[in-house]
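You asked for a quick read of this one before you take it further. Here are my notes, in the order I would go through them with you.

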Amino acid sequence: MKISPQEVEYVAHLARLELAEEEKGKLTAQLNNILIYIDKLNELDTGSVTPLSHAIAVTNAFREDTVEDSIGTESSLANAPDIRGDFFRVPKVID
Amino acid sequence: MHFNQLTIHELQKKIKEGSATATQITESVFSRIDAVEERVHSYIRLMKEGALADAAKADEDIQKGDIKPLTGIPVALKDILCTKGTLTTCGSRILHNFIPPYNATVVEKLKAAGAIFVGKANMDEFAMGSSTETSCFGPTRNPWDLERIPGGSSGGSAAAVAADECIASLGSDTGGSIRQPAALCGVIGMKPTYGRVSRFGLIAFASSLDQIGPFTKDVEDCAIMMNVLAGYDPKESTSVDMAVPDYREFVGRDIKGWKIGIPKEYFIEGIDPEVTAAIKKAISVIEQSGGQCVDISLPHTQYCVAVYYIIAPAEASSNLARYDGVRYGFRATDVRELLEMYKKSRGQGFGAEVKRRVMIGTYALSAGYYDAYYKKGSQVRALIKKDFEEAFKQCDVILTPTTPTPAFKIGEKTDDPLQMYLSDVFTISANLAGIPGVSVPCGYSSGGLPIGLQFLAGHFEEGKLIQVSSAYETNAKIEKRRPAL
């Protein structure tokens, strides 16, 4: 068993995903299969290999610090599920 | 005249001669859509009104002699590309009502080149899938056999071109999502080099792998589209500031003296014998065209899928953290506090495959597992890239099958994620190494399903891919069939 049902619950919490009981069971089995498959990477000795995170060598891309047009408050808020005035409205964070 | 069946270059010729108008071409595309879309379901949303208005404007330009590379050409856009003022859902419930405030750079570029937008093409949810079955709007069907999948994740874009519901389209490719559906639908699909085409306005899946590219009906059209799409974008810091050649100049050139690498690791057990036979035939066409086939080895090929299923979900779990029900998209109702709102909105807004990948990615990046998964995967990724660097010392381009089998049946692999992932076994390596690849039709199975051939080249060598594909297309003389819809 690579990942237990309890770990699945913990990871779901980290990912901010509410899962139904049925989903949890199915995911535990599927994640186990996938993680077992991924284990084949341990056949390779990679001790001295530098990890590659980007296939094309890029360095920081800078531009001149000039002010340009942005999309503005109205269109920034246009897709929001709930707004009040110029703000995004969310359920209460603290009691 | 069925204008919708023609290529970009054929239509441009007709427009210049005055034997076709943008309005006629656009109307022919929409009448085809009226006839077949109910069965194929290539689109999530049609943009008919805007398309006809743009076609009328294009006709005015044509009258004035102002004809740009895509003037009057109806093009479909994968619904992962932001279109200002037009719903962009990424095939997901969580973005079911999202109207972008800006256009993706590629959308701006197509517009500036005169293209007419037909609609937003169906796709796997957040581009996670190989069959277009994970779309929350229901699956797209393969125009060649409606019981089968069109491939994915850009299945709608591929099916729309194959069914003549547009002239060309755009897709995105993170592990094969352009090349695999192109192969299964019998059209051309190119994934450019990472950094060749701006990703600005492409809804992010795995940012170190994602790349936008075209679907077309022939190789010359692919070159025409690449001329429009390629180039540096100051809005996208991973796009590469490097001169773009005229890709059309590579069309029709021969490949005499070229070395074509045949990697032994891509001819494994489990490949459909009809695919093997079609590829063997393609190899002989390449040799008759003056290319010399050489055996090469890409020794880490068998690890590509495992590496991909660490790196892509890890990046996805980070990219998809933005869907929190606060600023846009779906928000669960009847929640009392913030954490509950996040969890319910994401739990109800994402489909099963997206949740699976977010879970894998979050797990792989979580404390205690990072070294074993993400770091290990990134190290093996370095080895895979090195395999290609060594291989391209011995050959100009590499030839492989695009997929191990022709299109499979709808529902066949939905219960077994790992089997679904393995259908991308030949395409994932190009994304991990950042190199360009193209799928070109190379025949049909005995059941009449298209089979695809993949060419891979070194970084920024799209010109070579156009050249070898063009030579192959000319000399293979693959019988031109149309799906019987």
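The points below cover confidence, the contact between the chains, one helix, one threonine and a few backbone oddities.

1. Confidence. Keep in mind that this is a predicted model. It scores ipTM 0.96 and pTM 0.97. For chain B, the mean pLDDT is 97, with 100% of its residues at 70 or more.

2. The interface. How many residues does each chain bring to the contact? Chain A puts in 51 residues, and they touch 66 residues of chain B. About 5200 Å² is buried between chain A and chain B, and carbon and sulfur atoms give 69% of that. On the chain A side, the residues losing the most area to chain B are Leu41(A), Leu52(A) and Asn79(A), which together make up 13% of what that side buries.

3. A residue that touches both chains. Have a look at Ile71(A), in the loop between α2 (21-38) and α3 (72-77) of chain A. Setting aside neighbours within four places in sequence, Ile71(A) contacts Ser76(A) in its own chain and Pro101(B) across in chain B. Ile71(A) is still partly exposed, with a relative accessible area of 41%.

4. Helix α8 of chain B. This helix takes in residues 273-288, 16 in number, and runs 23 Å from first C-alpha to last, close to the 22 Å expected at 1.5 Å a residue. Its buried residues are Val275(B), Ala278(B), Ile279(B), Ala282(B), Ile283(B), Val285(B) and Ile286(B). Looking down the axis of α8(B), they fall within an arc of 160°, so they line one face of the helix. The general reason is that an α-helix has 3.6 residues a turn, so residues three or four places apart point the same way. On the other side of α8(B), the exposed residues are Pro273(B), Lys280(B), Lys281(B) and Gln288(B).

5. What packs on that helix, and how it starts and ends. The cover over the buried residues of α8(B) includes strands β7 (259-263), β8 (292-296), β9 (397-401), β10 (437-444) and β11 (450-456), along with α15 (462-476), in chain B. At the start of α8(B), a side-chain oxygen of Asp272(B) comes to within 2.8 Å of the backbone nitrogen of Glu274(B). After the helix comes Gly290(B), with a positive phi near 100°.

6. Thr88(B). Is this threonine buried or exposed? Thr88(B) counts as buried, at 0% relative accessibility, and it sits in the loop between β2 (74-78) and α4 (105-112) of chain B. Its side chain makes polar contacts with the side chains of Thr83(B), at 3.1 Å, and Lys120(B), at 2.9 Å. Beyond its neighbours within four places in sequence, the contacts of Thr88(B) include Leu95(B), Phe98(B), Pro100(B) and Ile203(B).

7. Backbone oddities. Most residues other than glycine have a negative phi, and most peptide bonds are trans. Thr132(B) has a positive phi of about 65°, and its relative accessible area of 0% makes it buried. Arg16(A) also has a positive phi, about 55°, but is partly exposed at 29% relative accessibility; it lies in the loop between α1 (5-14) and α2 of chain A. There is also a cis peptide bond between Gly152(B) and Ser153(B), with omega about 10°. Ser153(B) belongs to the loop between β3 (116-121) and α5 (155-162) of chain B, and Thr132(B) is found in the loop between β3 and α5 as well.

Technical notes:
Residues numbered from 1 in each chain as written. Chains lettered and ligands numbered in written order. Predicted model: local features only at pLDDT ≥ 70, side-chain atom pairs only at ≥ 80, totals over all residues. Heavy atoms only, no water. Helix = DSSP H or I, 4+ residues; strand = E, 2+ residues; numbered from the N terminus. Buried < 20%, exposed > 50% of the residue type's maximum accessible area, 1.4 Å probe, protein only. Contact = heavy atoms within 4.5 Å. Expected span 1.5 Å × (residues − 1). Arc of directions from axis to C-beta. Polar contact = N/O pair within 3.5 Å; in protein donor to acceptor, adjacent residues only side chain to side chain. pLDDT = per-residue confidence, 0-100. Buried area = accessible area lost by both parts, 1.4 Å probe.
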